[in-house]
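Subject: Structure handover

Hello,

I am passing a structure on to you. Please open it and keep it beside this email while you read.

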Amino acid sequence: MSINCLDALSQGKLKTQCKFGIKLGLGMHTIAGCPVKTHPKPALMGGMWVQVKISKSWTMQSELSMIGKGTGGNSQRKYGDYLLRLSYFEVPILFQYNRKKGYFEFGPTLAALINTGEYTDRAFLFQTDLYPFSNKDFSFNLGTGFAVNEKWLVGLRLTHSLFPIRKQLPGASMPVYNR
């Protein structure tokens, strides 16, 4: 969800409309390429965004968000065999096609890893010095949403890493990706 906090019209012949706001939401994240049983992990996200109108139907939006990703459950309860927490600062650049109250968006995201936590019900499975997580993530986004009113937007966005966030683990068929 986003809250539209400020509308400002730029000066000059371009008459570009800019909007600024904050973003709050809940995401469901998991990873691909893990040799143990995993479940999606709910995580809170929050940040700010700026949106620039580039034509009648198109806008470009950039965000700065803090988001939790990974797999498993929350800190009180572990689901399945494995719990992975990855915290990122993300900067997506989104191109949005707007039609009436709805929109469709796509674009890349660059993220910086700020914190990790990896736990299992059994002994620790993977040595983090042999299989470290990448400190950056580059992903692609597809999303859609609609305006509930002038100040509230509700959207759904799918994100998937384009490059592995970890080398291939023993017993896995592929490297580890955020999704």
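Below is what turned up, grouped by topic. One caution before you start: this is a predicted model.

**Aromatic residues**

How many aromatic pairs does the structure hold? There are five. Take F95 and F106 as one of them. Their rings sit 6.0 Å apart, centre to centre. The planes are at 35° to each other, and the pair is tilted. It counts as tilted because the angle is neither under 30 degrees, as in a stacked pair, nor over 60, as in an edge-to-face one.

Where do the two partners lie? F95 is in strand β6, which covers residues 82-99. F106 is in strand β7, residues 102-120. The pair therefore ties together parts that are 11 residues apart in sequence.

Both rings belong to residues with some access to the surface. F95 is partly exposed, at 29% relative accessible area. F106 is partly exposed too, at 28%.

F95 and F106 also belong to one aromatic cluster. Its other members are W58, Y97 and F104.

**Between and across β6 and β7**

Look next at K100. This residue is in the loop between β6 and β7. Its phi is positive, about 50°, although K100 is not a glycine. Is K100 buried or exposed? It is exposed, with a relative accessible area of 81%.

Then go to R85, in strand β6. R85 is partly exposed, with a relative accessible area of 27%. Its C-alpha atom is separated from that of T116 by 5.5 Å. Along the chain, R85 and T116 are 31 residues apart.

**The core**

Which residues make up the largest nonpolar core? It has 10: I31, I67, L84, L86, Y88, A111, L113, F133, I165 and V176. Two elements, β6 and β7, give two or more residues to this core. β6 gives the most, with three.

Two core members deserve a second look. I67 touches L86 and Y88, which are core residues as well. Leaving out residues up to four places away in sequence, I67 also touches H29, L44, M45, S87 and E90.

Y88 has a charged neighbour. K69 lies over the face of its ring, 5.4 Å from the ring centre.

**Where to begin**

I would start at F95 and F106, the tilted pair. Move on to K100, in the loop between β6 and β7. Finish at I67 and its contacts, including Y88.

Best wishes

Note on methods. Residues numbered from 1 in each chain as written. Predicted model: local features only at pLDDT ≥ 70, side-chain atom pairs only at ≥ 80, totals over all residues. Heavy atoms only, no water. Phe/Tyr/Trp six-rings, centres within 6.5 Å; stacked < 30°, edge-to-face > 60°. Helix = DSSP H or I, 4+ residues; strand = E, 2+ residues; numbered from the N terminus. Buried < 20%, exposed > 50% of the residue type's maximum accessible area, 1.4 Å probe, protein only. Lys NZ or Arg CZ within 6 Å of the ring centre and 35° of its normal. Core = buried A, V, L, I, M, F, W, Y, C linked by side-chain atoms within 4.5 Å. Contact = heavy atoms within 4.5 Å.
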